[in-house]
Amino acid sequence: MTNTMLDFVIVSIALLAIGIYGISVKRNAIRMLFAVEMIVNAANLNLVAFGRFLPNSQGQTFALFSIAIAAAEVAVGLALIIVAYRMYKNVDIAEFRSLKG
Amino acid sequence: MIEITSTPIILIAILGTVGMILPVMSVVRKEKGSNSFYAAIAFGALIASIGYVAYEVVSGQLPPAAVFSADVLANDSFSGLFAIAMLIVAIITTAGSFNFMRGQAHPPVYYSLILLSTIGMVLVAYSTDLVMLFVAWELMSIPTYVLAGFMKKNPSSNEAALKYFLFGALSSAIIIYGISIVYGLTGSTNIGEVMTGLANLDPSMMPLALLAVGMFIAGFGFKMGLVPFHMWLPDTYEGAPPTITALLAAGTKKAGFAAALRVIIMGTIALQLDWTFALGVIAVMTMTVGNIAAIMQKNISRMLAYSSIGHAGYILIGLAVAPFTSLGIQGSLFHVLNHSVMKGAAFIAIAGIVTTIGITNIDKLKGLGRKMPITSLGLVISLLALAGVPPTAGFWSKLLLFGSALETGLPAWAGWLAIAGVLNSALSLAYYGWIIRKMYFEGETEKKIKEPKAIIGVMIFSIIFLVGIGVYPDPIIEFTKNAVPILDNALIISK
């Protein structure tokens, strides 16, 4: 193995940065959802990489849990986005303005 | 290993079984619109659970609160207190839905999701392992995203749900990133081992540990409604069905505090207090922004949403002074219990007003005190308790919180927290008083409206709870004293 732990951490931080950029700049609900998924996957990469270099496997187990939970979350999120699309014919959250004050 | 007969497992068994069976029953019965039937089943399951926890508390079987445990779940007074608070909220929500959900689509799914979310909230308080905490956190959150958007035909409900979902998903992503850093630093996910690991950390790794605690504050802070992370909260509380808002404001928010007490406080102690000043600043900002924004609102749900942000600030005072005095956490726990009942009752009263009159604009509440006497009385008592007026429970918990900040005097800024808290309470009385004035002193005498029976029940319970504890707070104060986690004495900084 030539990869060091630092390589994984750098990729993970890059993914985190892309995710945070996506959620703060984009206003399309699906893009925002995918930006959040990138942060989750950055964390999963961290967990698996640390688990590889640490003497226990808790991190890798946790990554499995986290992937399953993220899938459930995306299912609910896409359902909400579809309902919104049927109502507004649009998934741009800046257009949803019935609530303000 | 966890024993199969321990409290959390039994709660999962009762609530989970009923929660999963409800939708199946609706398919088998092929009968539409029998809302009260499903509500009664869910209500029974919740009463059985709270009875079980309350029996353990009253009979003194619960050990005093321990912070750490080698297990995944710890059954102690700390989690017992939170379990009782969350189950009360779930019961209030279910009872309020008896009338609110009549004639709405899919009642079995609605009650099933409430029960599943309740399991999540309760387990957050019981968990002492970061993996368990995260799974419970998601079990609590995912059903509430659906519930917030349950009125499918209503655009504002959908908008509320979508905003809530995006911020909620972001907060869980941030929490799991924080957990991954902590796991990398300490090689364990057990909270106790993590804190020992953090306390003995190599100084060169300290920035990463601070980053992880910061991520925990941000992640849990989204659900708690702390100020830089509060922008979704007023929209969601206004748009979601009022019964679900009661569940969100009184339940999931308190679960955030349960997690914060288990994780953040121990983190700040392990990290030599670098974050306590930040918590103090966030507390003052949160209460000020919440209360000032609440004054300007025209919609009662939105006003109570901002007031709920303000109350997150009060509870955070206790967390900020926690490393210096045990009174801080005691005050926080007491206020958590009170706030669950008062916010829950206030939103259920709004649900009652919405089902009968259908308005939430404060200007149109004129003469409500004569139209709906019992609902109005319940709303007034909860508002007075929220403001902290003496013969109610809210007074004692605020006294304990602000008193704890004054008593330590060790960080020089602690006294300012108490001053900010008292000023904010005075400010909040202005807008609570405005609602009360509209309801009782304006508008012509009008005919009485028939009030929904289940909502009358909730109101009577909350009036008894709030005034009863306000008059005789000793047993609850004693209980919260036992529920304060025992910290390692070496870590508490004495005067």
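Biologist: How many Å should the 23 residues of helix H1 (residues 7–29) of chain B span at 1.5 Å a residue, and how far apart are its end C-alpha atoms?

Modeller: The general idea is that the expected span of a helix is 1.5 Å times one less than its number of residues. For H1 of chain B that gives 33 Å, and the end C-alpha atoms are 32 Å apart, which agrees. Helices (H or I, at least four residues) and strands (E, at least two) are DSSP runs, numbered from the N terminus. Please keep in mind that this is a predicted model, in which local features need pLDDT of at least 70, side-chain atom pairs count only at pLDDT 80 or more, and totals for chains, interfaces and linings use all residues. Residues are numbered from 1 along each chain as its sequence is written, while chains are lettered from A and ligands numbered from 1 in the order in which they are written.

Biologist: Where in H1(B) does a kink lie?

Modeller: The bend at a residue is the angle between axes fitted to the seven residues ending there and the seven starting there. In H1(B) a kink of about 30° lies at B:Leu22, shortly before the proline B:Pro23.

Biologist: Which residues of H1(B) are buried?

Modeller: A residue is buried if 20 or more other C-beta atoms lie within 10 Å of its own, exposed if 12 or fewer, and partly exposed in between, with C-beta atoms placed from the backbone. An α-helix has 3.6 residues a turn, so residues three or four places apart point the same way. The buried residues here include B:Leu11, B:Leu15, B:Val18 and B:Leu22. The buried residues of H1(B) pack against helix H2 (35–58) and H4 of chain B.

Biologist: What about H5(B): how many of its residues are buried?

Modeller: H5(B) is mostly covered, with 17 of its 19 residues buried. From first C-alpha to last, H5(B) reaches 27 Å, close to the 27 Å expected.

Biologist: Stepping back, how many helices and strands are there in chain B?

Modeller: Chain B has 19 helices and zero strands. To judge how compact a chain is, we use the radius of gyration, taken over C-alpha atoms, and a globule rule of 2.2 Å times the number of residues to the power 0.38. Chain B has a radius of gyration of 21 Å, close to the 23 Å that the rule gives for 495 residues, so it is as compact as a globular protein of that length. Buried residues make up 62% of chain B.

Biologist: And how many helices does chain A have?

Modeller: Chain A has three helices and zero strands. The radius of gyration of chain A is 17 Å, well over the 13 Å from the globule rule for 101 residues, so chain A is more spread out than a compact globule. Its C-alpha atoms fill a box of roughly 55 × 25 × 25 Å along the principal axes. Of its 101 residues, 36% count as buried.

Biologist: How many residues of chain B are in contact with chain A?

Modeller: Two residues are in contact if their C-beta atoms, placed from the backbone, lie within 7 Å. By that test, 35 residues of chain B are in contact with 34 residues of chain A. The largest share of the chain B side, 18 residues, comes from H6(B). By class, that side has 18 nonpolar, 11 polar and six charged residues. Here Ala, Val, Leu, Ile, Met, Phe, Trp, Tyr, Cys and Pro count as nonpolar, Asp, Glu, Lys and Arg as charged, and the others, Gly among them, as polar.

Biologist: Which residues touch the most other members of the largest nonpolar core?

Modeller: A nonpolar core is a set of buried Ala, Val, Leu, Ile, Met, Phe, Trp, Tyr and Cys residues joined through C-beta atoms within 7 Å. Of the 209 residues in the largest one, B:Ala42 and B:Val124 touch the most other members. H6(B) gives the most to this core, with 18 residues. Not counting residues up to four places away in sequence, the residues that B:Val124 touches include B:Leu133, B:Trp137 and B:Met140.

Biologist: Is A:Lys89 buried or exposed?

Modeller: A:Lys89 is exposed, because 8 other C-beta atoms lie within 10 Å. A:Lys89 lies in the segment after helix H3 (58–88) of chain A, and has a positive phi of about 55° although it is not a glycine.
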